[in-house]
Amino acid sequence: MKLFATSITAAAAALMFTSTFLVSPSDALSLTVRNDVPGNATSPIHYGLMYEDINRCGDSGIYGQMLRNWNFQADDAGAEPSVEFWSAVGDGATIEIDADNGLNDINSNSLRLEVSESSTGRAGVSNEGWWGVRVQPGETYQASFFAKADGYTGNLNVTLESTDGTVLASASTSESVSNEFQKFEVTLDSADVSDVSIDNSFVVSVDSAQAAGASIYFQVFTLFGETFEGRENGLRKDLADSMKALNPKFFRFPGGNNLEGQYIDQRWKWNETVGPLEERIGRMGDWSYWNTNGQGLLDYMYMCEDFEMEPIVDVYAGYSLQGDSVPEDELGPFVQEALNELEYLTGSTETTYGALRASHGREEPFQVNYIQIGNEDWFSDTYDYRYRAYYDAISEKYPDAKIIATADQESRPWDIFDDHYYYNITEMIDVFSKYDNYDRNGTYIFIGEYGTHINGCCDGSPTNLEAGIGDAIFLTGMERNADIVIMVAYAPLLKREGQEQWNPDMIHFDTEKAWFTPSYYVFQEWSKSHADTILQVDHTDGEFGPLYWVAGSNKEKNQVYIKVANIGDTEQSVKINLQSLAVNTEGTARIITGDSPDLENTKESTVVKTEESTFTLNSESDFEYTFAALSATVLILDIQQ
Ligand code: AHR
């Protein structure tokens, strides 16, 4: 077998050589899983998701809108409104931004299509989508847009068509366009399509014989395929399915850095992300591309409901990434902005912002139990007064909510502290036992972001098998301390292939499909086998390294889980004894492994994924199991009734 230390840092290599070769290959380790002493209760929301629009995973990713530059507020770089990603269709058609024919104060311009007098055939506008428009056999698409015209009163034809001109789906508006803006909606059916394709565009056109000399104005286009749970303005279903399959129990949003803005005025402003799409205002995101806010606060809350995730609402806390802090005596309106956001989420319809929420279609208030104040505020030296101001205002109004701090400060207490780990293998191993002797003093830890960075943070590190095993060691350490480490999330969650600002990322996708990293499979297995109680494990012989383990039980499922990461390059045989536990003598093993640490999954090929097998125990409380080299394994045992 190939020695895997070649791709890692010298320090990590040294450590693994140590850990691999100091442990004799077999019979060295015996574990006793103790059900005869009380175990620690874990958090029911231990594994969850951290989400922000990074790596183009919001617009162009999980947000199901398939059209790009759909409201002409700004170009991709956040500068001038432009017609980028649109083109004119037909020999006598031209397009440009029209600043005099806006839809409303927010979308104060439009896309103008000019149909020349000499135009023949059709004339129209075409959008190239986000690196293409995916059309799938049997999928139904909902399209909408606002339009008005001078010199034309007929219908508008909507088509999805391939770049060679083949029409894949088509519909016509049932109403005629007039000289006042009105909203048009059509359904497009790809029933006749037999293959998935992405080299397509979205076209709205007219017969130029009838529209010669006309000007047609468009604003706020949408195109959605199948969305998760059929939500309007919802999530791209395949990506949402892949997130749901992680069994997440909480959802931290909307950042991350993308909450903060590079400058104070570029912060994520909740009120610009709610209401009808035509009333939403985009912003320059932190990750160097325009954010449309088509997916906003209410959409995130619906996502929490659909996935059954606890919302972790991260509020802007007066600090932006270029280093600006809102001065203490100017913080008032910013704190009020956060209070308004929370009232929008939780207030009755008698309140100002609760009523606003109801006007957006959601009468019933949401329950918000966790509120995070800022993100990585250790970057600033002003968190003390900022945290105090937000803490006082929020905890007075929401005394039952758990407040999450992101940096150490001395002004006020916190319920939960958000720790982030973007570490290499050596550092991940160091962190494995970090919380073992932490004060159990009533405050808790939230791992709001983690990821194993083989070559160091925060780029140029692969999402390979070795990183997955590093994650498994880390998660195992957190789960051993799941009485105080109550939430854990990988970051970044998603990346559009080729458009990333950060590596590694957990889920990769393009316009056509999604594929998954070893880190994804590790997180999924650790999350799916949720223990409500951590069982003490005595290692009667041997030490941690190269094996790292945790054991737990789940009362409802009546199961015991033993999770083991092996970072060594040899298989390891372990004797396992169950104290005061009797289990069925056939167990299930769910294993993530491979014969090289460098293995990476690609769009074309999944070489590392979970494999399931069964194994036989010697007796109802005693067995020997051989953990594969470089593996992450969950052993699942059914407790005898
Ligand atoms: O996950 C990427 C970034 O890492 C987050 O936006 C930020 O919180 C952290 O520094």
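The ligand in this predicted model has a ring of neighbours made up of Glu52, Ile54, Gly256, Asn257, Trp287, Asn375, Glu376, Tyr422, Glu449, Ala491, Pro492 and Trp502. Sort that shell by residue type and you get six nonpolar, three polar and three charged residues.

Which residues put an N or O atom by a ligand oxygen? Glu449 does so through its side chain, and here are its distance and two others:

| Residue | Part of the residue | Distance to a ligand oxygen atom |
|---|---|---|
| Glu52 | polar side-chain atom | 2.5 Å |
| Glu449 | side-chain N or O atom | 2.7 Å |
| Asn257 | backbone N or O atom | 2.8 Å |

So much for contacts; how much of the ligand does the protein cover? On its own the ligand has 290 Å² of accessible area, and the protein covers 95% of that.

Now for a sheet. Five strands line up in the order E4-E7-E12-E9-E10, forming an open sheet with antiparallel pairing. Its edges are strand E4 (86-89) and strand E10 (167-172), each of which pairs on one side only. On average, neighbouring strands here are turned by 20° against each other, ignoring direction. As a general point, strands in a sheet pair through backbone hydrogen bonds, in either a parallel or an antiparallel way.

For a look at one pair, take strand E9, residues 157-162, and its partner E10: five bridges join them in the antiparallel sense. Which residue of E10 is the bridge partner of Thr159? That would be Ser170.

Technical notes:
Residues are numbered from 1 along each chain as its sequence is written. This is a predicted model: local features need pLDDT of at least 70, side-chain atom pairs count only at pLDDT 80 or more; totals for chains, interfaces and linings use all residues. Side-chain values use heavy atoms; hydrogens and water are left out. A residue is near a molecule or strand if one of its heavy atoms lies within 4 Å of it. A polar contact is a pair of N or O atoms within 3.5 Å; within protein, one must be able to donate a hydrogen and the other to accept it, and residues adjacent in sequence count only if both atoms are side-chain atoms. Accessible areas come from the Shrake-Rupley method with a 1.4 Å probe; for residues, only the protein chains shown count as cover. Ala, Val, Leu, Ile, Met, Phe, Trp, Tyr, Cys and Pro count as nonpolar, Asp, Glu, Lys and Arg as charged, and the others, Gly among them, as polar. Two strands pair if DSSP finds at least two bridges between them. Helices (H or I, at least four residues) and strands (E, at least two) are DSSP runs, numbered from the N terminus. Axes are lines fitted to C-alpha atoms, for helices over the stretch in contact, and angles run from 0 to 180 degrees between N-to-C directions.
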